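Work through the following exercises with the model open beside the text. Each task is followed by a solution in steps.

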Amino acid sequence: MGTFDWKVIYDNFPFLMQGLLTTFELAVIGITGGMLLGIIVGMARLSSNKLIYYPATLFVNFFRSLPLLLVIFWFYFLVPLLAGRPMGDFFSASVAFVIFEASYFAEIIRAGIQSISKEQMQAAYSTGFTYGQTMRYIIIPQALRNMVPSLLTQAVVVFQDTSLAYVIGVKEFLRSASIVDAREMRSLELYAFIGVVYFIFCYSMSKLSKRLEAKKGIAK
Amino acid sequence: MLSYDFKWSILWADPYGSWMLEGIWVTIKLGLICWFIALFLGTLIGTLRVTPWKPFRLFATGYTEVFRDIPLLVQLFFWYFAAPRILPHSWEMYLYREIPNSEFWIVVVGLSLYTSSRVAEHIRAGMQSIPDDQYNAALSTGFTQFQTYWYVIIPYAIRLVIPPLTTECLTVFKNTSLAMTVAVLETTFMSQQIEAYTFHGIEATTGACIVYMIITLVVVMIMGLVENRLAVPGLITRR
Amino acid sequence: MIEIQNVSKWFGSFRVLENVSETIEKGQVVVICGPSGAGKSMLCKCLNGLEPFQEGDIIVDGISLNDPSTNLIKLRQKMGMVFQRFELYPHMKILQNITIAPIKVLKVSQEAAEKKALELLERVGIPEQAQKFPGNLSGGQQQRVAIARALAMEPEIMLFDEPTSALDPEMIKEVLDVMIDLAKSGMTMVVVTHEMGFAREVADEIIFMERGKIIERGTDVSFFKNPKSERTKEFLDKILLV
């Protein structure tokens, strides 16, 4: 075992940072796409129309019972097939993330809306509001406030999940580190470094989420 | 659409079928071993997080935060590639040469530690939702701190946390798939191995999907039975 | 004004309301009392269509609730309701809690709605709380705001579902005072409550319900002095601390 040699990180810094950038790109796509799709599916899960409710429920239960790694592989094979031509690993990974994470966002959103008591709806109805007005002015504003900590936590999960794109060759942060490692054989320094970077980011986001959760408690 | 003809028979044809079965067995072994270690460790750490002694609490909090804020894959890579470097050379050689399946056991270390931090969080949340007066009632009858936790708090908390623990058990089995990146021959690895030999990626991956869905169903059923067995009127009731 | 005709409601084998009939005249104050689970809250919520019922009919001001062409939303504008847990909107200030329905439903202007809201807050005794959030107010204050919120829609009928059951004993009086004031001003009120002092003071009729049925009804004098059924006598004995 040699001495610690942090120079390897200094030398390869630009390359590693490029990987980190890719990680952020993938995370942003996963979070925004996942949330948008998640809102649709989440509200569909609350519908009393069976034609809307059952497909949404199937969607959510299907993806939540599978490992993300497998879903990434699946879309890696499926996307070029559907598109008719190779689409690149980043694109396939993005599709996989958006769809997979949407099933988790959908549940957060559904739970958020359901957490508002039936009596709040009745109070709004009793003053003559319609369903639409009740949702718009009373239920959804409250639900959003309640959901923010969980949404933030899930965003952190997406950020961590991007590391799985490693398996189909996407040059995100983890893979960049392993590429350097293959060349330089400085595993300890490299993996410790990326571990610390991930930790700093995720820890601060989760602290933020806890603070928002506490503030929410006071506002109520 | 790219022309593609589906060939589902690869899933059971020789030798692919037996590869899959081997892989499934490894997944189940890995999942169960990690789950039980994580349950034990996690209960310990989770309890430490709510004890009145600050050093224990700080340690447990640090433990939880570190394992939760670093991606699992990065952790596995760390244990597999980086950690052995810290060991003295002879230990490292022993690890790689003498222990059969060393990569399996390295993943056990990594996945158990990771999962135990998540279990700890659930246990902590469960314990903190137990009303203070339960502690006070037990202490007022002359129990020591330890007795209070052992006889009153932990049994109560366990029943409260069965639903989140069910989710965590499912997560462990899903996370075993990450072991494929460090050459553990489990289900996902095998499905991609089959793909490499037959070029029928969709069938192979779908086959693996079905395996995980079955595992999910079985776990949910078993945990449902456990929940019913432990059910207490007013706390959780029989469904 | 309200006619309840043979209303029955059930959940599976559990019968919540059993053949309930009653007439409530304009300007009357009707108090409904009885043990828990008697169906009192359910009846109250049926009156403005918040809860459906399987049998019978309820006719409010000539409009039948069962008629599919009835616009329940318009009907609810004429009936105000006050809930046991106040149900103020926690994300809005007090003033907005009161003004939002008149503005969005009755299309009243912002200034007119706010002026009315402040008048109502004066009437219930807490004009200074207008810019606060519900979380900053005590239970009694919140319930008074809830009454103001219901009154802002200028209803002809006010429904109260156990308005003081969730309040600390010290705050019950401030809410009852507002309700008594409202009753004396001629509002038609249906009040589900255990507060017999209130009933004695302003009720024109008292109904005793148990297990979904009306067991006894009477004017306040006859109800308290000569209850006809044994069950009513038993209930009165238990809750009147006299």
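The exercises below concern a predicted model and go from its chains to single residues.

**Exercise 1. Chain contacts**

Task: Find which chains share the most contacts, and how chain B stands to chain C.

Solution.
Step 1. There are 2 pairs of chains in contact, and chains A and B share the most contacts of these.
Step 2. Chain B and chain C do not touch. Between their nearest C-alpha atoms there are 18 Å.

**Exercise 2. The contact between chain A and chain B**

Task: State how many residues of each chain take part, how much area is buried, and which three residues of chain A supply most to its side.

Solution.
Step 1. On the side of chain A, 38 residues are in contact with 36 residues of chain B.
Step 2. About 3500 Å² is buried between chain A and chain B, and carbon and sulfur atoms give 75% of this area.
Step 3. Within the area that chain A buries against chain B, 19% is supplied by Leu70(A), Phe77(A) and Leu81(A), more than by any other three residues.

**Exercise 3. The contact between chain A and chain C**

Task: Describe the area that chain A and chain C bury between them, and name the residues of chain A that lose the most area to chain C.

Solution.
Step 1. Chain A and chain C bury about 1900 Å² between them. Carbon and sulfur atoms carry 60% of that area.
Step 2. The residues of chain A that lose the most area to chain C are Gln122(A), Ser126(A) and Thr127(A). Together they make up 28% of what the chain A side buries.

**Exercise 4. Ser65(A)**

Task: Locate Ser65(A) in its chain, decide whether it is buried or exposed, and list what it reaches.

Solution.
Step 1. Ser65(A) sits in the loop that joins α3 (50–64) and α4 (68–83) of chain A.
Step 2. The relative accessibility of Ser65(A) is 8%. A residue is buried when this value is under 20%, so Ser65(A) counts as buried.
Step 3. The side chain of Ser65(A) comes to 2.9 Å from the backbone oxygen of Phe62(A).
Step 4. With neighbours within four places in sequence left aside, Ser65(A) is in contact with Lys174(B), Tyr212(B), Met213(B) and Thr216(B).

**Exercise 5. The make-up of chain B**

Task: Give the secondary structure of chain B, its span and its share of buried residues.

Solution.
Step 1. Chain B has 10 helices and 0 strands.
Step 2. The C-alpha trace of chain B spans about 70 × 55 × 35 Å along its principal axes.
Step 3. Chain B has 239 residues, and 50% of them count as buried.
Step 4. Take the contacts in chain B between residues at least 6 apart in sequence: 74% of them join residues at least 24 apart.

**Exercise 6. The second largest pocket**

Task: Give the volume of the second largest pocket and describe its lining.

Solution.
Step 1. The second largest pocket holds about 550 Å³ of space.
Step 2. It is lined by 24 residues, and those closest to its centre are Trp35(B), Phe36(B), Cys169(B), Ile222(B) and Met223(B).
Step 3. At least two lining residues each come from α1 (16–50), α7 (145–160), α8 (162–175) and α10 (201–230) of chain B. The largest share, 10 residues, belongs to α10(B).
Step 4. Sorted by class, the lining has 22 nonpolar, 1 polar and 1 charged residues.

**Exercise 7. Gln77(C)**

Task: Place Gln77(C) in chain C, decide whether it is buried or exposed, and list its contacts.

Solution.
Step 1. Gln77(C) belongs to helix α2 (residues 72–78) of chain C.
Step 2. Its relative accessible area is 17%, so Gln77(C) is buried.
Step 3. Beyond neighbours within four places in sequence, Gln77(C) is in contact with Thr127(A) and Gly128(A), and also with Val105(C), Leu106(C), Met153(C) and Pro155(C).

**Exercise 8. Two positive phi values**

Task: For Asn19(C) and Glu162(C), give phi, location and exposure.

Solution.
Step 1. Most residues other than glycine have a negative phi.
Step 2. Asn19(C) is not a glycine, yet its phi is positive, about 50°. Asn19(C) is part of strand β2 (residues 14–24) of chain C, and at 48% relative accessibility it counts as partly exposed.
Step 3. Glu162(C) also has a positive phi, near 50°. Glu162(C) lies in the loop between β7 (157–161) and α6 (169–184) of chain C, and with a relative accessible area of 11% it is buried.

Note on methods:
Residues are numbered from 1 along each chain as its sequence is written. Chains are lettered from A and ligands numbered from 1 in the order in which they are written. This is a predicted model: local features need pLDDT of at least 70, side-chain atom pairs count only at pLDDT 80 or more; totals for chains, interfaces and linings use all residues. Side-chain values use heavy atoms; hydrogens and water are left out. Contact means heavy atoms within 4.5 Å. Helices (H or I, at least four residues) and strands (E, at least two) are DSSP runs, numbered from the N terminus. Buried means under 20% relative accessible area, exposed over 50%, partly exposed in between (1.4 Å probe, protein chains only). A polar contact is a pair of N or O atoms within 3.5 Å; within protein, one must be able to donate a hydrogen and the other to accept it, and residues adjacent in sequence count only if both atoms are side-chain atoms. On a 1 Å grid over the protein atoms alone, a cavity is a set of points where a 1.4 Å probe fits but cannot get out, and a pocket is an open set with protein on both sides within 12 Å along at least five of seven lines; lining residues have an atom within 4 Å of a point. Grid points are joined across faces, edges and corners, and a volume is the space filled by probe spheres set on the points. Ala, Val, Leu, Ile, Met, Phe, Trp, Tyr, Cys and Pro count as nonpolar, Asp, Glu, Lys and Arg as charged, and the others, Gly among them, as polar. Buried area is the accessible area (1.4 Å probe) that two parts lose on being put together, summed over both.
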